[in-house]
Amino acid sequence: MQSRRQSGGKEADQQEWIPTTDLGVLVKLNKVTMEDIARFSLRIKEPGIVDHLFKGKLKDEVLKIKSVQKQTKAGQRTRMKAVVVVGDGEGYVGLGKKAAKEAAVAIKGALEQAKMNLRPVKLGYWGASYGSPHTVPCKSTGRSGSVLLRLIPAPKGSSIVAAPVVKKICSFAGIKDIFTKSNGQTCTTENFAKATINALDNASNFFSPDMWECTSTDLNPLVVNANFLLEYKKKLLKK
């Protein structure tokens, strides 16, 4: 695994982000937060949304970079494939992959895809619920290809007992204590990482009894700001 610097540097600061989607416009005008995006399952279609919301708090790391080949009429075509994970260490994590002719282009594309795949991870407790959440709320299983991963809540002080790939993803998600059990071809980094994300998603779908009662009646931000977006587009057309 190759370490990388925190997302967002001098290059990102020099280039002003111009949103190209309705959600991007609302985010840049501070009308939508990351909690709203996760709550209403809004799709992120541009990485600038994540950069604007987290403002350099995201960390990224290359989990795997390898060469892949494809047989064509002209012969074998070799490309580089990268798998990148991003997270803020406080409950958000994303995974991306990209293949390109050059390694740098593949890493950049995988990083952008990981930002657009950013998702919330629900944290919980083992035993008494005091202090800050430190583990997954329940046991969960994730699968990708032949890899089967089991996440088990652990008491405080246990740390992350897992393989390096799972350990990195869990730490980026903000998990401090967890036990894991895996089966299958775990040497396939991409499937191992996908199984980890799948297991975290399944754990986040668990709703405890105190969350059964629905008290919110808020509408989708895109619906609430529909008239504003229409006027905003008209102003852009006039320019």
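How many bridges join strand 3 to strand 4, and in which sense do the two strands run? Let's start there and then walk through the rest of this predicted model.

## The hairpin and its neighbour

Strand 3 (residues 75–87) and strand 4 (residues 92–100) are antiparallel, and eight bridges join them. Within that ladder, Val 84 of strand 3 has Gly 96 of strand 4 as its bridge partner. The two strands make a hairpin with four residues between them. Gly 89 sits in the turn, with a positive phi of about 75 degrees.

Strand 4 also pairs with strand 5 (residues 119–120), again antiparallel, through two bridges. Here Val 93 stands opposite Arg 119 of strand 5.

## What the record adds

The unreviewed UniProt entry annotates residues 58–121 as "domain: S5 DRBM". In the model, that span is 59% strand and 22% helix. Its end C-alpha atoms lie 15 Å apart.

## The mixed sheet

Another piece to look at is an open sheet of four strands, in the order 6-7-9-8, with mixed pairing. Strand 6 (140–144) and strand 8 (160–161) stand at the edges with a single partner strand each, so one side of each has no neighbour in the sheet.

What does strand 8 pair with, and is the pairing parallel or antiparallel? The partner is strand 9 (residues 178–183), and the two pair in the parallel sense over two bridges. Val 161 has Phe 179 of strand 9 as its bridge partner.

## Helix 6

Which residues of helix 6 are buried? In this helix (residues 164–173) they are Val 165, Val 166, Ile 169, Cys 170, Phe 172 and Ala 173. They cover an arc of only 160 degrees around the axis, which means they sit on the same side of helix 6. The general background is simple: an α-helix has 3.6 residues a turn, so residues three or four places apart point the same way.

Right after helix 6 comes Gly 174, with a positive phi near 100 degrees.

## The second largest pocket

If you're after cavities to probe, here is one pocket in some detail. The second largest pocket has a volume of about 580 Å³, and 23 residues line it. Nearest its centre are Ile 37, Ala 38, Arg 39, Ser 41 and Pro 120.

Helix 3 (34–39), strand 5 and helix 7 (189–204) are the elements that give two or more residues to this lining. Helix 3 supplies the largest share, four residues. By class, the lining has 13 nonpolar, six charged and four polar residues.

Technical notes:
Residues are numbered from 1 along each chain as its sequence is written. This is a predicted model: local features need pLDDT of at least 70, side-chain atom pairs count only at pLDDT 80 or more; totals for chains, interfaces and linings use all residues. Side-chain values use heavy atoms; hydrogens and water are left out. UniProt positions are given in the numbering used here, feature names are shortened, and annotations may be inferred rather than shown by experiment. Buried means under 20% relative accessible area, exposed over 50%, partly exposed in between (1.4 Å probe, protein chains only). The arc is that of the directions from the helix axis to the C-beta atoms. Two strands pair if DSSP finds at least two bridges between them. On a 1 Å grid over the protein atoms alone, a cavity is a set of points where a 1.4 Å probe fits but cannot get out, and a pocket is an open set with protein on both sides within 12 Å along at least five of seven lines; lining residues have an atom within 4 Å of a point. Grid points are joined across faces, edges and corners, and a volume is the space filled by probe spheres set on the points. Ala, Val, Leu, Ile, Met, Phe, Trp, Tyr, Cys and Pro count as nonpolar, Asp, Glu, Lys and Arg as charged, and the others, Gly among them, as polar.
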